[in-house]
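Reader: I should like a close look at one part of this model, set in the context of what surrounds it. Please state the criteria behind each term as you use it.

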Amino acid sequence: MKKFTSVIDVNDPAQLVYDALSLKLNPLKNNELGKNKTLGLIFFNASLRTRLSTQKAAFNLGMNVIVLNVEKEAWALEFKDGAIMNGSTVEHIQDAAMAISTYCDILGIRCFPGLKNKAEDYEEIILNQFIKYCTVPVISLESATLHPLQSLADMMTIREVTKRSKPKVVLTWAPHIKPCPQAVANSFMQWNLALGHDFTIVQPPGYELSEEFSQGCHVMYDQDKALQGADFVYVKNWSSFQQYGLMPDVKDNWLLDKSKIKVTNDAKIMHCLPVRRNVELPDFILNSENSLISLQAENRVYAAQIVLKNLLSNNF
Amino acid sequence: MKKFTSVIDVNDPAQLVYDALSLKLNPLKNNELGKNKTLGLIFFNASLRTRLSTQKAAFNLGMNVIVLNVEKEAWALEFKDGAIMNGSTVEHIQDAAMAISTYCDILGIRCFPGLKNKAEDYEEIILNQFIKYCTVPVISLESATLHPLQSLADMMTIREVTKRSKPKVVLTWAPHIKPCPQAVANSFMQWNLALGHDFTIVQPPGYELSEEFSQGCHVMYDQDKALQGADFVYVKNWSSFQQYGLMPDVKDNWLLDKSKIKVTNDAKIMHCLPVRRNVELPDFILNSENSLISLQAENRVYAAQIVLKNLLSNNF
Amino acid sequence: MKKFTSVIDVNDPAQLVYDALSLKLNPLKNNELGKNKTLGLIFFNASLRTRLSTQKAAFNLGMNVIVLNVEKEAWALEFKDGAIMNGSTVEHIQDAAMAISTYCDILGIRCFPGLKNKAEDYEEIILNQFIKYCTVPVISLESATLHPLQSLADMMTIREVTKRSKPKVVLTWAPHIKPCPQAVANSFMQWNLALGHDFTIVQPPGYELSEEFSQGCHVMYDQDKALQGADFVYVKNWSSFQQYGLMPDVKDNWLLDKSKIKVTNDAKIMHCLPVRRNVELPDFILNSENSLISLQAENRVYAAQIVLKNLLSNNF
């Protein structure tokens, strides 16, 4: 069985980005490939872009789609093997995954972290139990620690707008009012490293990301310095990894403004959305010509579609 | 970009009714027109007829359909431009509409009024922000002030059962136990005026509708007089426009009965549904041969389908 | 109008099982039969296997599918004829069923019992009101008292794994922590009797099932004796029929274990799922080679598909 849950699942990430951009030129070329195949999309959490773009990608390939908000529409799931199920969970993941595998040819799963228990989240209990018990390929629609479809779309976007083989990409922490997952940041690091970009991550003290994903990255704490000469600035909030799920106090102003942007190489600005406007990023940047948020959203379709196409073709 | 949110969006309403009735004779004629096109249906509120009839209409045209209960399945949306989003809203309509426009070829939106703030409701904040930020055609699936797909189906129904070019149509207020929107009534007025029907609206004092929509209508307060000679009686409750969203006391009995109906021209009875039986209308009328509620429900498919067909054909 | 709500609706149950198994060999054979037909799936309750397997079955036949969680996404329904609807219900089943019949060609309905009022549940108010007012065929996706699609899949499973024309089938009550419906058990009895199996039901005192369904069954109270020589053991909890919806105290241990199974004829073990592991059945049995739960889940697709196929062909 093959899967798409991390850049690690991809043999040649640069080729995948290239293939996705090729597919974008002719999205209906493989319109018969998914005929009579069913994509199941299982959500434990809210979704707009991921759900719609993945449905659209499946339609482009001729697939049928079943969407299930699993704990609202089906049953509360048990993830612990050997559990004596005399509590609130009604069905074991082993049985649910078996059934879903029977009815679907590919399965997408969205399962955010609880942000309470670091070990549980970083062991990816939900995703890994699905993978363990599913007999069909599993796609992550954002798991506790990674969001690979977003990152693939982000890499497509960078490749589409620059001719530089080693663009300078800066991932900067941004303010937020609530604790957010680290998944987008972790995943973005992975893919930039895999593609050999000149990659820097900058965040306030206390917001260092897991070494599992940040190893090999250029890590900084001074946003103004980090932004110097950047071709791409990826803006994202995340909560603390060390003080897990908390939001340690931040002294400096981390919200991008005109003066901060001035030191970049006329950088393109990226965000995965949803974005809290004027909290994470000001309107004037999001609405500027340098903003790539629309292109990122558009590329989500082709990121999902190249992954589905490869899984349908047993080509991973 | 074109849209369908009001009779005002339609060049020739009479022709649209005629085209919808023609299409009803052969619903699968344009079964290839929507191939590889996706209809997004975004609901802020409950729906039975509207959702199912619009999905059916899309299927008849070969379209794919994505249904999203946006605030339950995606994110709480912010509608105010320039907002500093440090509250409960997670995504700005500008970004959501951009994304949905990327993944869908036509967008339907249902957004009921709050019935608390007249200005907000009658400015159609939600609908208009979708229209402002969407880059694909928008269809109203009932907005704060209008329900054009219902009215189009109602006009089809009237045309289907009468040969009179100027039938006498009476819209009468009916009792209810809760404050209801004015959208169906407003919309019904618009379309009757546009089609040149002999149109009367009758309601208790305090329940006068917005002049924006009632201007040019024959407005009465005496139900018995209004019903005299009516060919069609459209029954609907709405809450007060002046004492916005409230239900001022009503002295007389406004529930239709045998004696009230006797003065009509053997009138056909219409209601958009859902109807609170024996509160808004008695069973014996709803179940009578003169009741058109089934035909109205049936025509919802072809109302939606002609609108989708015209938008797909850039023919509005 | 035809329906599938009980074995009673089926002329020749053995032939239906045979046809379903034939169809399983070539599921896409009738891929055009449902073209431009729409299946509506109406849920009052949670569903995983039933929803996904029925959607898959419809896709195999080329049908479109509309899923509606009716009371969450549409309106609270009134089921009492003649009701004065001045309470919490917003739409009468008569009008909802009419509308759904207009938009769908076949309708599936899931409506569990409340387990509070025996008469209400066993009169199948919801299901029967749908049948009364729908003008298209109705399929039960599990009603208050029966689950015929599950039973049909169970009968396929038994037929698939045994060559004996009269296999010994034992339905045994199992422990649970909450009161469960009697539907699966009632339905399983019906179908075993109809197919002429050597059928025994065993349960603790106080858990006797309705005579409406158990008449003609071999009823026992001693689990160890009942299991002797069994070819198939179907494990299921249900709440009391006599002390309706309650869970009278049970003295003995009813959870299957190695010693209990030893007396069977190397029995295959069945459960409809979801199963509370290690409460209703231990992991080691559910995961054993004798467990048929995966095959039962798989056969749900073809059970649904043969029913849809027959209804589409007017062949019931």
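Author: The answer below takes up one chain, its domains and its neighbours, and ends with a sheet.

The model is predicted: local features need pLDDT of at least 70 and side-chain atom pairs count only at pLDDT 80 or more, while totals for chains, interfaces and linings use all residues. Residues are numbered from 1 along each chain as its sequence is written, and chains are lettered from A and ligands numbered from 1 in the order in which they are written.

Chain A holds 13 helices and 12 strands; these are DSSP runs, numbered from the N terminus, with helices being H or I of at least four residues and strands being E of at least two. Its C-alpha trace spans about 55 × 50 × 30 Å along the principal axes. The radius of gyration of chain A, 20 Å, agrees with the value near 20 Å for a compact globule of 316 residues; the radius is taken over C-alpha atoms, and the globule rule is 2.2 Å times the number of residues to the power 0.38. Of the 316 residues in chain A, 56% are buried, a residue being buried if 20 or more other C-beta atoms, placed from the backbone, lie within 10 Å of its own. Two residues are in contact if their C-beta atoms, placed from the backbone, lie within 7 Å. Among contacts in chain A between residues at least 6 apart in sequence, 78% join residues at least 24 apart.

An automatic or database domain assignment gives the bounds that divide chain A into domain 1 (3–146 + 300–312) and domain 2 (150–296). Their C-alpha centres lie 25 Å apart. Across the boundary in chain A, 23 residues of domain 1 are in contact with 21 residues of domain 2. On the domain 1 side, helix 1 (13–25), helix 5 (118–122) and helix 13 (293–312) of chain A each supply at least two residues, and helix 1 of chain A has the largest share, 6 residues.

Chain A also meets its neighbours. With chain B, 25 residues of chain A are in contact with 22 residues of chain B. Strand 3 (64–69), strand 5 (91–92) and helix 4 (93–103) of chain B each give at least two residues to the chain B side, where helix 4 of chain B has the largest share, 7 residues. With chain C, the contact takes 25 residues from chain C and 22 residues from chain A. Helix 2 (49–60) and helix 13 (293–312) of chain C each supply at least two residues of the chain C side, and helix 2 of chain C gives the most, with 6 residues.

Chain B can be laid on chain A with an RMSD of 0.0 Å by a turn of 120 degrees and a shift of 0.0 Å along the axis, by least squares on the C-alpha atoms of residues with pLDDT of at least 70 in both. That is the relation of a three-fold axis. For chain C on chain A, the RMSD is 0.0 Å, the turn 120 degrees and the shift 0.0 Å along the axis.

Finally, chain B contains an open sheet of 5 strands in the order 10-9-8-11-12 with parallel pairing, where two strands pair if DSSP finds at least two bridges between them. Strand 10 (218–220) and strand 12 (268–270) of chain B are the edge strands. In chain B, 3 bridges join strand 11 (residues 232–236) to strand 12, and B:Phe232 has B:Lys268 as its bridge partner in strand 12.

Key. A residue is buried if 20 or more other C-beta atoms lie within 10 Å of its own, exposed if 12 or fewer, and partly exposed in between; C-beta atoms are placed from the backbone.
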